[in-house]
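User: Could you take a close look at one part of this model for me? I would like to see how two packed helices meet, and then what lies around them.

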Number of protein chains: 2
Amino acid sequence: MSDNMKYDVIIVGAGVFGMATAFYLKQTDRALNVMVIDREGGAGEGNTCKSAAGIRNTFSSPENVILTNTSINKFEDIEKKGFGLNIKMCGYLWLMTDDKFKKSQDAIYAMKENGVDFSVLFAEELRAIPGLNIDNYSSDECQMMGLSRIKSGLLGKKCGSIDPGAIVSYYENEFKKLGGITKFNTKVESLILEPEEKLDIPGEPLVWQEPKIAGVRTANGEIYAKTTIIAAGVWAKELLDPIGLDAHIKPKKRQLFQVKGSSLEPLIKNCPGFNDLNMLPFTIIQKAGIYVKAEPREECIYVGCADNIGRAFNFDCEPERDYYENSILPVLVEVFPQFKNARLESMIAGSYAYNTIDKNPYIFKPMRDLVIVSGDSGSGIMKCDAVGRIATALYWGEEYAILYPNVPFKVSKLGVETRDVTFERFVI
Amino acid sequence: MSDNMKYDVIIVGAGVFGMATAFYLKQTDRALNVMVIDREGGAGEGNTCKSAAGIRNTFSSPENVILTNTSINKFEDIEKKGFGLNIKMCGYLWLMTDDKFKKSQDAIYAMKENGVDFSVLFAEELRAIPGLNIDNYSSDECQMMGLSRIKSGLLGKKCGSIDPGAIVSYYENEFKKLGGITKFNTKVESLILEPEEKLDIPGEPLVWQEPKIAGVRTANGEIYAKTTIIAAGVWAKELLDPIGLDAHIKPKKRQLFQVKGSSLEPLIKNCPGFNDLNMLPFTIIQKAGIYVKAEPREECIYVGCADNIGRAFNFDCEPERDYYENSILPVLVEVFPQFKNARLESMIAGSYAYNTIDKNPYIFKPMRDLVIVSGDSGSGIMKCDAVGRIATALYWGEEYAILYPNVPFKVSKLGVETRDVTFERFVI
């Protein structure tokens, strides 16, 4: 099929949401002409590959629990069937001060009600973690930084990490096996908004004309489709603002710092008692949203921070050494003193597409020929299988999507007018 | 008090939301040092004065009904006590095709349940409106524009219009009587985000420091306050994006076209049967969100259009003659042929601050010293009294605001995490 012809579906964005949606669309109807288009050179090369790629089902919103549970189940099945995703079920560990535990209590009760598998650990049990400072927080520095002793830990079991590039590749391969088409290195500049019947009056579509999305404009020309699906993450705003539709997300820079050093080795491969992998769980320390993720394959630890107030909403993607050194490291070395002798090896920055409203995805159809898949809020990878199925069900006009392996989910819950989700309270 | 001192409260924005909040704050505690700051030369000179300033309680969201009902009651009381607001309770009339009525049915039932006073009129009753074309829509032009015969009308009773400048002046006067301070011609350029305890490290507040809003930066220097309230309409985004907080609004251009001509006179002053004023109700025609508002004082009709898809989210405020001539007028002359001989006298454009999420206001406190009053969605004037009271209650940490004359409203309903409102389905 040449590009001058009309596709059944164009999907803008070859990240996890776009590729998962592409695959499930083709799976439901192999005859559908589906093309995924992306400005990068390959699938998952935008913000997907800049993710810390943690996977967890520890959410307080029942919707987020279903989306992650079913997606993680599918990931495990994919790997079991031979496609390597580098899944490491190392657990997620939240270190808690008394104060933090109290503030999280409602969210923790909600998780219990949602059937999430976790346990609460006493400080004594956390002493198994090499070097972890449990109760030595009386220094002036610690006081100044508001650090206090670790009283407990919350360990999520069905949690760990995945290779974000591998999961995108899985969907891309399956999509292509079914005849799906990808087009890379092609930036979508705008959506083609037209009246159903063109009259060649300036300013069309005029308010009395029926508007439609006819496809997309790229630097290399227009591409037409019966349905356009926007799965462009933070870039959705650039496509939707000009036509007056809201993707319900805000872009926020997130950085990952790769840290290496022999002092970190025990955390990476000699941290018994939390998982079969003998490694530190994905650990969120008790202050400021700082987290550490051990990566045995690369013999390193990735450090990130979910900062909130003060971190602008914008498209800035420059990693900042100062941020690591002044904001993260002073706290980190108090909690894990072994970072004092480790070195910052590399750093990377990407953008979260935050849904600041309720922190559940938005999947909706504001026009007959336009589907928007949005609002990953930094947890898109761990929800992508469910999101792809829900977007597909919405495309077909189904009331329910069937999530893996056989879990019905009401599509309209993630819509705008029909939205029916719970505000997510358990965020990093 | 000099500007080098610290105010108890700075309110950014002297529109209806800002001035109503300012007044109710001072009313609850006259000792509070409150300053309202605005870049315009006076109160209500931003988007407030560019409003069509319709007032109605015909909403499907019970929250919107309470906010408007109580505000309209207060407006009537203000006028009864001698402060002229140019209130005209002329009613709101939606002209309906069969199709439009069917699509609105759920919203209409919701209004009934909410106790909204309206009646459904048969087409025959609408013949009292001078010149209105009820059933002559068989021409090619009408077919092309998707116009069809009017089958019914929905007339909201507790509806009409108000002088937006007058209601702002009322709050400003009362605020000043209590010793409130205004500062005009002063643009707030940014919020002062600082750590609770400054250490003079670059990049403060660092993630481990407690952040606070210390006040605002203007071209003429910094102004400090214990609490900052953002009531800046569409401009809230400019202040909040840099610190990573979401005002939950999108800016959308809205235009008003002032039309004059002797052919319009019967609509303005000889349209019996709908109200005591002998004038056309604020009328929404059956297509494309076009509305007309008679203004006897100026002997004119204002025409507007709540266009949706295709109208960009941006700060453009240039009125467009072409839009009136190509988009609005072709439809308008089919419904009200007398517009054929009327002339476009002037035009104006402003920005709605759309809450695209659920179309109820957002009033929340994301930090201990920051209150955000937002999301008017083009119905801010008709809700301003309630909004000012709710923002005041939030400032004081009250669970309930008492709306006029004595209606409790749970403050947390309009918050973010605790949000509990119904999606508004009855929009123009």
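Analyst: Happy to help; what follows starts with a helix pair in chain B, moves on to some loops of that chain, and ends with the nonpolar cores.

Please keep in mind that this is a predicted model. The pair to look at is helix 2 (residues 62–80) of chain B and helix 6 (residues 164–177) of chain B, which pack with their axes 12 Å apart and at an angle of about 75 degrees. Angles of 65 to 115 degrees count as roughly perpendicular, and helix 2 of chain B and helix 6 of chain B are therefore roughly perpendicular to each other. Where do the two helices meet? Helix 2 of chain B brings B:K74, B:F75 and B:I78 to the contact, and helix 6 of chain B brings B:I167, B:Y170 and B:Y171. Sorted by class, this contact holds five nonpolar residues and one charged residue, with no polar ones.

Now to the loops of chain B. The one between strand 9 (188–195) and strand 10 (211–218) contains B:P205, and the peptide bond joining B:E204 to B:P205 is cis, with omega at about -5 degrees. B:D200 is also found in the loop between strand 9 and strand 10 of chain B. Although B:D200 is not a glycine, its phi is positive, about 60 degrees. B:D200 is exposed, at a relative accessible area of 71%.

B:H248 makes a nice companion to that residue. Its phi is likewise positive, near 60 degrees, in a residue other than glycine, and B:H248 sits in the loop between helix 7 (236–240) and strand 12 (250–260) of chain B. Is B:H248 buried or exposed? Its relative accessibility is 5%, so B:H248 counts as buried.

A further cis peptide bond runs from B:Y404 to B:P405, with omega near -5 degrees. B:P405 belongs to the loop between strand 19 (400–403) and strand 20 (407–410) of chain B.

Finally, the cores. The largest nonpolar core has 75 residues, and A:I167 and A:Y171 have the most contacts inside it. At least three of its residues come from each of domain 1 (6–52 + 165–249 + 357–414) and domain 2 (89–160 + 251–353) of chain A. Beyond its neighbours within four places in sequence, A:Y171 is in contact with A:M19, A:A20, A:F23, A:Y24, A:F75, A:C384 and A:D385. Another core, of 74 residues, lies apart from that one and includes B:L25, B:F59, B:I284 and B:I390.

Definitions and conventions
Residues numbered from 1 in each chain as written. Chains lettered and ligands numbered in written order. Predicted model: local features only at pLDDT ≥ 70, side-chain atom pairs only at ≥ 80, totals over all residues. Heavy atoms only, no water. Core = buried A, V, L, I, M, F, W, Y, C linked by side-chain atoms within 4.5 Å. Buried < 20%, exposed > 50% of the residue type's maximum accessible area, 1.4 Å probe, protein only. Domains from an automatic or database assignment. Contact = heavy atoms within 4.5 Å. Helix = DSSP H or I, 4+ residues; strand = E, 2+ residues; numbered from the N terminus. Axes fitted to C-alpha atoms, helices over the stretch in contact; angles between N-to-C directions. Parallel < 35°, antiparallel > 145°, perpendicular 65-115°, else oblique. Nonpolar A, V, L, I, M, F, W, Y, C, P; charged D, E, K, R; others polar.
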